[in-house]
Number of protein chains: 2
Amino acid sequence: MEIKIALGQMKIVPGRPDLNFNIMKQMIQNAKSKNAHIIVFPEMAIPGYLLGDTWEQQSFLRDCEEYGRLIIEASEDIVILFGNVGIDWNKTGDDGRVRKYNAFFIAQNGRQLGDENFPYPFRIKTLLPNYREFDDERHFYSLSKLALELGQKPEDMLTPVNINLAGNNIGLGCILCEDGWSEDYNTKPVEAISAKGSVDLFVNISSSPFTLGKNNKRNRVFSKQARETEIPLVYVNNVGLQNNGKTVYGFDGSSTVYNKNGDVVFYSSPPFAQGLDIFTLDLSKGGSNLPKANVPDDSDISYIYQALNYGIQNFTQTLGINKVVIGISGGIDSAVSAALYARAIGPENLLLVNMPSIYNSQTTRNLAKQLAENLGCLYTVVPIQKSVEHTIKQVESTPVLNPSTGEQSYLKISPFITENIQARDRSARVLSALAAAFGGGFTCNANKAETTVGYSTLYGDLAGFLAALADLWKHQVYELARYINKEVYQREVIPEGILNIVPSAELSFDQSVDQGKGDPISYPYHDYLFRSFVQWWNRATPEDILIWYSEGVLEEKLGCRPGIIKELFPTPADFISDLERWWRLYNGMGLAKRIQAPPILAVSRRAFGFDHREAQNGVYYTKKYLETKETLLTPLSRGRFC
Amino acid sequence: MEIKIALGQMKIVPGRPDLNFNIMKQMIQNAKSKNAHIIVFPEMAIPGYLLGDTWEQQSFLRDCEEYGRLIIEASEDIVILFGNVGIDWNKTGDDGRVRKYNAFFIAQNGRQLGDENFPYPFRIKTLLPNYREFDDERHFYSLSKLALELGQKPEDMLTPVNINLAGNNIGLGCILCEDGWSEDYNTKPVEAISAKGSVDLFVNISSSPFTLGKNNKRNRVFSKQARETEIPLVYVNNVGLQNNGKTVYGFDGSSTVYNKNGDVVFYSSPPFAQGLDIFTLDLSKGGSNLPKANVPDDSDISYIYQALNYGIQNFTQTLGINKVVIGISGGIDSAVSAALYARAIGPENLLLVNMPSIYNSQTTRNLAKQLAENLGCLYTVVPIQKSVEHTIKQVESTPVLNPSTGEQSYLKISPFITENIQARDRSARVLSALAAAFGGGFTCNANKAETTVGYSTLYGDLAGFLAALADLWKHQVYELARYINKEVYQREVIPEGILNIVPSAELSFDQSVDQGKGDPISYPYHDYLFRSFVQWWNRATPEDILIWYSEGVLEEKLGCRPGIIKELFPTPADFISDLERWWRLYNGMGLAKRIQAPPILAVSRRAFGFDHREAQNGVYYTKKYLETKETLLTPLSRGRFC
């Protein structure tokens, strides 16, 4: 039969079952008015997905259950498939709290379906992801655990749910998100369900955060599933923004229908947009009669822009921040930040501030002013020199009393300390006060390379209510700047000069942009090196790096330009000294700073924060690293390299 | 036979297999020289336990394996039991990375034992805790999953390990930490192993962080196990400090031997001290011939002091901080902080700073000075008035340009903003610069009540390298102050005046301590209210609180003084307004601030940070809360209450 499926790609507000219920009710009405047979909502549509430990509040759970009941009641004349927390008040989880499942509800004519061959009137998630930002095992009981408890095999409990549509029996394979990503698990839910026969349609309800390239991979994996089972597959994902405190995720939707040949025959577009799409599928043909849909490449820079724009808009709304202050130095990071915020919240709500000291060049001061004019934002200049000098003088002239000796002594402010005093004066003194007076928040403009090694000042340029660029490597920030000029504004809002000057903190005369002096980080080589520490699935360490270096394959491994390493580091000693410097900072001050850093908008496959859990344990060099280093630094082998 | 067991209560340095190996080697030598038959080391003795995602570095794993091999080689003439990561390089975990187990190694005469009836030459942890600060499921493959993979029941794989000591066969029940806390799990490792018969001794190797009252509970649970199985049980736990970034845990050791009657016959003392205890156990009697040992009450204030003292000492060492600056206001929190640090790192390494503005009373300024004299610390006074006035004047007199209109406008600093400017001036300007010049760090002195609702200024008094008191409720801070005077220093180092004045931030004339005006938090009622939000196993929400209030049982539920609620809140409207204010702050600004707060020394059963995961999702009131509120605020029911 031909069935009309409504894909309820809703914007889920995490922790707000009341609001989510309202949207679902509207979409159900809408779907009914269009004669849809089935409406599908995402995983955890009622509670939201990333809630931290709110799952431990029983009153919250009762509300989720109650709103779920109201959705079930609304299923006259339509089949509603939706995600919610499934609660067994008579059992406990492994933590002794009430038993919770990440559940798939099937409702028709006011009743719940799915309890044939199953102990609950809902189906539950089999595979609970516990890597990256996911924490499913902390809160939910998996099908695998339930099977163990009941003395069954998980595969035996993975059966289709039968529904009746206009006299036709339809077998539904009901799975949740990770259940479709079973490659590394022993249990394969899709295989197990399809092995039972009589499945007409798989429905994967997901709550799947956007990260670059995820949809490309998902389409490969899910297409293969549909092709191998010869069963069409509907994937429904939510939009909205969810976070776990330190790391903030956009959800892109991109709900998709795969026919039984594995072709994408529907792809929801644009990303990050709420919508109710109605799709007609002839089950007897498994959708094989349908034309292929257009599938965008989600590893493109345009996706980074969309994710950040969406993230900034929604995060400021969540926090109730309408006005934003950005410190603009005339450098690239703050310029991209300003251009993003101007689009996301409107230039009239943005106050840009340049805060020069004696070390800031006329070049960057002019560029900052030009940027503000190009964007049409409110603009002010607040010099910090007087305040910085007052701090230095006050500290150096205030006596410190030693009570044992009765002696007084004086502390000394070094040039290095003066650099940090400037950074803190800008953020914790000026930007904080301006933001409060302006009635809003101020931003942190740090990029991912700086965040990796802590090249920023705590309570200084690392401060802010959100670090929107902290999941972008520096070369991605440049790429984004060009994209913003060319595609978003379609004019040069970020002055070419900002793209051309050397990156510099301008905190001393040693960092003069006019003399081409700048940051100690060499882009893009260090971007690639840091990426291997942070972002690779099997994280690289100095041992791996040094072995590849000694074998002459490091550039290839990291994916950077041949010859660059020899240019940057004439000798193995230079190379090793650089490597250890950054490894030390990544594990030392960089980490200490990240603990107190603002939330980050995640776009990569590994963002700092909850996705990159870390302990302040200091620096470790493996035995093999130390041996390799020793070999490289002996005169004989040194001869081989320089 | 009589066996001599050496309890290797070592200090584990997380992430340093090289250092941990060295300590183990020394202890093994020592145990051999004392003719011990068996030496027992804690869980994850080689790598450490709280490592964040360092488990993803294969080079680190190889080092752990290599040092483990060296320990196995050292087992001539002694049986060595130790925890390490067990790696199966040919299999993957659910995340697709190399398979890792939290493993129990048994070595004798250079060989590994334990592969009878088991696929590996080591045993593995069955129950992987995933609540509170624990993250075992993220990294390790449980026995339950392995059993599922092999088509077996977990119980079938839980068998004793047989060793031979001087011709005697000894059956060992080898379990790891959580395996002994099986109450809420389906699988009960101790029962399953003992059901196989021929177990002479259970050995539980643990890496169990200290929290108040944990050992009392552990002794109840483990005594019961020994009594019910009629098998003696040796529990070995490590000492040291481990963290997961935001939350820092002391490990107290407190290794224990239970005889077959469940009596504690050995208890390692003092807590937090590395040591190698040799204990002789007659296995034929199951230790029933031995006298009971003395077991301290670990919910005592002295344990809080010891945990904090140990935590401060070790955390500063880990970070390489030798010198510390503390801003002392003349209030209780900073005074307790100063007294703790003076003991932990020495008064000569401590610089105390009073930073008065016009709002600081002579009373508190004198008390601060008195405190510094009593402790014998370096002392200085750095007034902030001039700098604060400069900031206000600079912001108010700097024109903001509107590029659309060409108009200039001026921002205004409100009294509320002035309060925060003061707090930030103290921390981000003065303390930061002083700490850098002094060559150290500065502390955050916030307590848990303030941290719950964000009663502190970001980049102001919330800044610092460590928040040592942020897991203590305000009433515990007072209790600790008295303990420090009476028991630690045995004189009045914290002046009585500090204990007697009203808690106040002194950021405006409305907060005058001399007029008894102070913080908006009413201690201890709000301590107890906040504790119910944060610390209860089933977290309370306004719904629970309001229902208990309406039923007249709230004081009893929270554990506070009868009558206090009526005194503080004459009407239901007053009560509700207060409740909603703090609930809003706990979920709003409080949370936003915690994301950027320093690491916390954990002592309670629920510390902020990784132990209390949270998402910035705003405030939610359940349906039932709103209904109850409505009822309470209607004129009829209001009559019942006031």
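A helix here is a DSSP run of H or I with at least four residues, a strand is an E run of at least two, and both are numbered from the N terminus. With that in hand, let's work through some exercises on this predicted model.

**Exercise 1. Place Ser456(A) in its chain, then work out which residues it is in contact with, leaving aside neighbours within four places in sequence.**

Step 1: start with the elements on either side. Ser456(A) sits in the loop that runs between helix 13 (448–453) and helix 14 (474–488) of chain A.

Step 2: check the accessibility. Buried means under 20% relative accessible area. Ser456(A) comes out at 9%, so this serine counts as buried.

Step 3: list the partners. With neighbours within four places in sequence left aside, Ser456(A) is in contact with Asp461(A), Leu462(A) and Lys593(A).

**Exercise 2. Follow that last partner: where is Lys593(A), and what does UniProt say about it?**

Step 1: the place of Lys593(A) is helix 21 of chain A.

Step 2: go to the record. In an unreviewed entry, UniProt has a "binding site" annotation that covers Asn420(A), Glu450(A) and Lys593(A).

Step 3: look at the contacts from the lysine's side. Lys593(A) touches Gly454(A), Ser456(A), Leu458(A) and Leu462(A), not counting residues up to four places away in sequence. Leu462(A) turns up in the list for Ser456(A) too.

Step 4: test two of the annotated residues for burial. Lys593(A) has 12% relative accessibility and so counts as buried. Asn420(A), in helix 12 (residues 415–438) of chain A, is at 19% and also counts as buried.

**Exercise 3. Another "binding site" annotation covers Tyr131(A), Ser208(A) and Lys214(A). Which residues do Tyr131(A) and Lys214(A) touch?**

Step 1: note that this annotation, too, comes from an unreviewed UniProt entry.

Step 2: take the tyrosine. Tyr131(A) lies in the loop between strand 6 (123–124) and helix 3 (136–139) of chain A, and with a relative accessible area of 16% it is buried. Not counting residues up to four places away in sequence, Tyr131(A) touches Glu178(A), Tyr185(A) and Trp537(A), plus Asp95(B) and Arg138(B) from chain B.

Step 3: now the lysine. Lys214(A) is in helix 7 (residues 214–229) of chain A, and its 11% relative accessibility makes it buried. Residues up to four places away in sequence aside, Lys214(A) touches Trp181(A), Ser208(A), Pro209(A), Tyr235(A), Asn237(A), Asp252(A) and Asp298(A). One of these, Ser208(A), is covered by the annotation as well.

Step 4: put the sites in a wider frame. UniProt (unreviewed entry) lists residues 3–283 of chain A as "domain: CN hydrolase". Over that stretch the chain is 26% helix and 32% strand, with the end C-alpha atoms 7 Å apart.

**Exercise 4. What turn and shift lay chain B on chain A, and what relation is that?**

Step 1: two copies of a chain are related by a rotation about an axis and a shift along it.

Step 2: read off the values. A turn of 180° with a shift of 0.0 Å along the axis lays chain B on chain A, at an RMSD of 0.0 Å. That is the relation of a two-fold axis.

Step 3: find what lies by the axis. In chain B, the C-alpha nearest to the axis belongs to Gln596(B), 2.0 Å from it.

Step 4: turn to the interface. Since 100% of the interface residues of chain B are also interface residues in chain A, the copies meet through the same surface.

**Exercise 5. How many cavities of 30 Å³ or more does the structure hold, and what lines the largest?**

Step 1: rolling a probe the size of a water molecule over the atoms shows where empty space is left.

Step 2: the count is 17 cavities of 30 Å³ or more, and the largest has about 480 Å³ of space.

Step 3: the largest cavity has 29 lining residues, with Lys246(A), Gly609(A), Phe610(A), Lys246(B) and Phe610(B) nearest its centre. Helix 21 (589–595) of chain A and helix 21 (589–595) of chain B are the elements that give two or more residues to this lining. Helix 21 of chain A gives the most, with 3 residues.

Step 4: sort the lining by class, and you get 12 nonpolar, 9 polar and 8 charged residues.

Definitions and conventions. Residues numbered from 1 in each chain as written. Chains lettered and ligands numbered in written order. Predicted model: local features only at pLDDT ≥ 70, side-chain atom pairs only at ≥ 80, totals over all residues. Heavy atoms only, no water. 1 Å grid on protein atoms, 1.4 Å probe; cavity = no way out; pocket = protein on both sides within 12 Å on 5 of 7 lines; lining within 4 Å. Points joined across faces, edges and corners; volume = space filled by probe spheres on them. Nonpolar A, V, L, I, M, F, W, Y, C, P; charged D, E, K, R; others polar. Least-squares fit on C-alpha atoms with pLDDT ≥ 70 in both. Contact = heavy atoms within 4.5 Å. UniProt positions renumbered as here; feature names shortened; annotations may be inferred. Buried < 20%, exposed > 50% of the residue type's maximum accessible area, 1.4 Å probe, protein only.
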